[in-house]
Amino acid sequence: MSVLKVENVTKRFGGLIALNNVSFVVNKNEILGIIGPNGAGKTTLFNVISGIYPPEEGKIIFDGKEITGLPPFKVARLGIARTFQVVKPLSELTVRENVMVGACFGKENMDLESAERIAEETLKFVKLDHKADMLAGKLNVPEKKRLELARALASKPKLLLLDEVLAGLNPVEVSEMLEIIERIRKSGVTILMIEHLMHAIMNVSDRIIVLDYGVKIAEGKPEEVANDPKVIEAYLGDPNLVLKLGRGESGASG
Amino acid sequence: MRKPGISVIWIILLILVVGIIPALTGNIILRETVFLILLYIALASSLNIILGYTGYVSFGHIVFYGIGGYTAFVLIDSFGTNIILAMIAGGVVAALVAYALGQAILKLRGAYFAIATIGVNEAVKALVENLEQIGGSEGIFLNVNVYKAYGGAENALWLSYYLMLLLTIAVILTSWYVKNSKFGLGLMAIREDEDAAIVAGVNTKTYKCLAYALSAFFPGMIGAIFFFKNGNIEPVNAFNLTLSIEMIFMVMLGGFGMVSGPFIGAVVYERVRGILLMSEMFKDLHMAISGVLLLLVILFMPRGIMGYVKDKVTWIGRYLE
């Protein structure tokens with residue numbers, strides 16, 4: 001059963017085609033990874049799904065309902081939550097209030113009291129509960145990443161879009177974050193994630209799609225995608241990475 | 001809905017105590033001073049809703065004071081409307097204008113919005129100056145007979161004073177409720193990061209417009225009372241950009257985004273202004289000295305007096321909001 005269907009979506013910025021006739025399906029309760037070189041259109045794809053940019057062509061269907069062109073707050077209320085590649089903490093609000101924003105205005109549309117309860121639970125889940133009363137601006141980068149995730153989760157989304165939540169984390173923090181992501185999936189949330197950290201996304205994803213210059217060039221199980229000649233070609237600027245991809249080891253694209 | 005805590009009750013009590021003294025003593029000079037302080041507190045606290053909570057610098061906010069003032073004045077002058085009704089009408093018209101205006105100019109961010117609001121104030125001022133039906137640039141004078149309905153001019157002055165006292169308490173309570181509501185949380189999310197807020201599900205456009213309308217509603221009513229009490233309204237006084245700047249000054253001085261900030265800012269500013277205006281040496285320089293004061297506050301206490309106190313004296317933090 002599909003949660004999200006992206007059908008022939010094209011997004012242009014002037015003469016630049018950021019997304020070119022992209023189609024794919026996200027199935028219920030799977031983790032679908034999106035990879036591709038820099039500038040491939042991954043974040044644009046997230047922006048189109050979450051309503052920040054309307055696409056020029058194509059349709060986006062969420063939970064059987066067309067959401068193409070809806071404003072971002074309506075998309076959020078239907079049950080799509082996202083994180084940003086460059087974290088956007090609400091710096092002058094406390095960590096708890098940050099998470100309450102997600103709970104209050106997301107899918108559940110809670111009142112403040114319930115939101116506060118959900119915020120406590122969610123902060124425990126991402127292991128930030130001991131910093132609930134701190135101002136969000138005072139957190140360090142890994143904590144800000146977890147906060148960003150908590151704010152998205154508190155809205156009880158059906159679909160979670162994760163934009164490079166592992167970037168900038170050290171290996172220990174990466175494995176902590178991967179564990180959190182697995183737990184989110186177990187709680188019944190479908191996840192669509194962009195990631196540059198190859199070994200991580202290869203391990204955690206059920207399926208992967210590959211974007212290059214706005215075009216979907218491959219789709220399939222992680223090992224199929226890693227061995228796809230088109231994918232290797234897309235990454236060929238870095239031969240070492242190709243080798244690593246083949247062996248399924250760690251490595252990050254440039 | 002949460003119940004008002006100690007953090008707002010002390011402000012209300014202080015306003016009530018100080019507000020009742022002129023009534024008990026019948027001291028008219030004191031009444032005028034307190035009236036001005038109340039007017040400043042109410043204006044600054046209203047502005048704080050859009051400036052402090054939502055993060056949009058409404059530079060020409062005084063336009064709503066003028067619109068409310070003119071609305072009420074015309075109603076009283078032409079139709080003999082009761083001041084209380086006229087005051088509410090002034091507030092409602094100001095709020096409606098702000099809501100409609102917000103649809104257009106709240107798309108602008110940062111300095112662009114601030115400049116647009118100055119433009120709006122100047123445009124409305126120019127419009128009123130050219131509308132002969134409402135007195136043009138010379139304005140309107142109330143017929144003294146209008147005050148007879150309230151038991152004479154002296155009673156009308158006292159009535160205005162009590163209305164201002166009530167209104168100030170209403171503004172402080174509203175400010176507190178907004179800050180402690182879901183609506184307020186949405187506004188503060190917009191202030192911190194509008195893109196994050198909209199993706200989290202905040203209907204940013206409607207929220208901003210509602211905040212703008214609410215922050216215009218009270219100045220509209222305040223303008224109505226002020227000009228009713230004044231007996232005369234003219235564009236130069238109704239759309240006076242200096243008062244607009246003073247409002248921002250008070251919010252920044254006291255601490256923006258806090259309930260107690262504009263309150264303290266308004267009281268301190270009124271006192272400083274009073275002392276400077278009285279002094280032989282500084283009476284022409286009060287804006288210059290106030291400017292230097294604001295500069296110092298922004299440099300050394302960027303979160304204003306109350307923000308500074310809250311950061312430095314932790315035990316008091318619970319009582320400040």
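These are my notebook entries on the interface, pockets, cavities and salt bridges of a predicted two-chain model.

**Ground rules**

I number residues from 1 along each chain as its sequence is written, letter chains from A and number ligands from 1 in the order in which they are written, and leave hydrogens and water out, with heavy atoms used for side-chain values. Because the model is predicted, local features need pLDDT of at least 70 and side-chain atom pairs count only at pLDDT 80 or more, while totals for chains, interfaces and linings use all residues.

**Entry 1: where the chains meet**

I began with the contact between the chains (heavy atoms within 4.5 Å). Chain A brings 25 residues to the contact, and chain B brings 21. I then looked up the buried area, meaning the accessible area (1.4 Å probe) that two parts lose on being put together, summed over both. For chain B and chain A this is about 2000 Å². Carbon and sulfur atoms give 67% of that area. On the chain B side, B:K182, B:L185 and B:V199 lose the most area to chain A. Together these three account for 32% of what that side buries.

Next I looked for polar contacts. A polar contact is a pair of N or O atoms within 3.5 Å; within protein, one must be able to donate a hydrogen and the other to accept it, and residues adjacent in sequence count only if both atoms are side-chain atoms. Eight residue pairs are in polar contact across the interface, both residues at pLDDT 80 or more.

Which elements of chain B give two or more residues to the side that touches chain A? They are α7 and α8. I take helices (H or I, at least four residues) and strands (E, at least two) as DSSP runs, numbered from the N terminus. α7(B) has the largest share of this side, seven residues. By class, the chain B side has nine nonpolar, five polar and seven charged residues. Here Ala, Val, Leu, Ile, Met, Phe, Trp, Tyr, Cys and Pro count as nonpolar, Asp, Glu, Lys and Arg as charged, and the others, Gly among them, as polar.

**Entry 2: salt bridges**

I used this rule: a side-chain nitrogen of Lys or Arg within 4 Å of a carboxyl oxygen of Asp or Glu. Over all chains the structure holds 28 salt bridges. How many cross the interface of chain B and chain A? The rule finds one. A:E92 pairs with B:R303 in a salt bridge, with the closest N and O atoms 2.6 Å apart.

I also noted a salt bridge within chain A, between A:R185 and A:E182, at 3.7 Å from N to O. Both residues lie in helix α6 (residues 171-186) of chain A. They are three residues apart, about one turn of the helix.

**Entry 3: pockets**

On a 1 Å grid over the protein atoms alone, a pocket is an open set of points with protein on both sides within 12 Å along at least five of seven lines; a cavity is a set where a 1.4 Å probe fits but cannot get out; lining residues have an atom within 4 Å of a point. Points are joined across faces, edges and corners, and a volume is the space filled by probe spheres set on them.

The largest pocket has a volume of about 1300 Å³. It is lined by 37 residues, and A:T94, A:E97, A:L135, B:K179 and B:K310 are the closest to its centre. α7(B) gives the most to this lining, four residues. The lining has 15 charged, 11 polar and 11 nonpolar residues.

The second largest pocket holds about 320 Å³. Of its 18 lining residues, B:R109, B:E194, B:I198, B:T204 and B:K208 are the closest to the centre. α8(B) supplies the largest share of this lining, four residues. I noted seven nonpolar, five polar and six charged residues there.

**Entry 4: cavities**

I found two cavities of 30 Å³ or more. The largest cavity has about 110 Å³ of space. Of its 14 lining residues, A:R82, A:R151, A:A152, B:V199 and B:A200 lie nearest its centre. By class, the lining has eight nonpolar, three polar and three charged residues.

The second largest cavity has a volume of about 30 Å³. Its lining is A:P142, A:R146, A:L169, A:E173, A:E176 and A:M177. α6(A) gives the most here, three residues. I noted three nonpolar, no polar and three charged residues in this lining.
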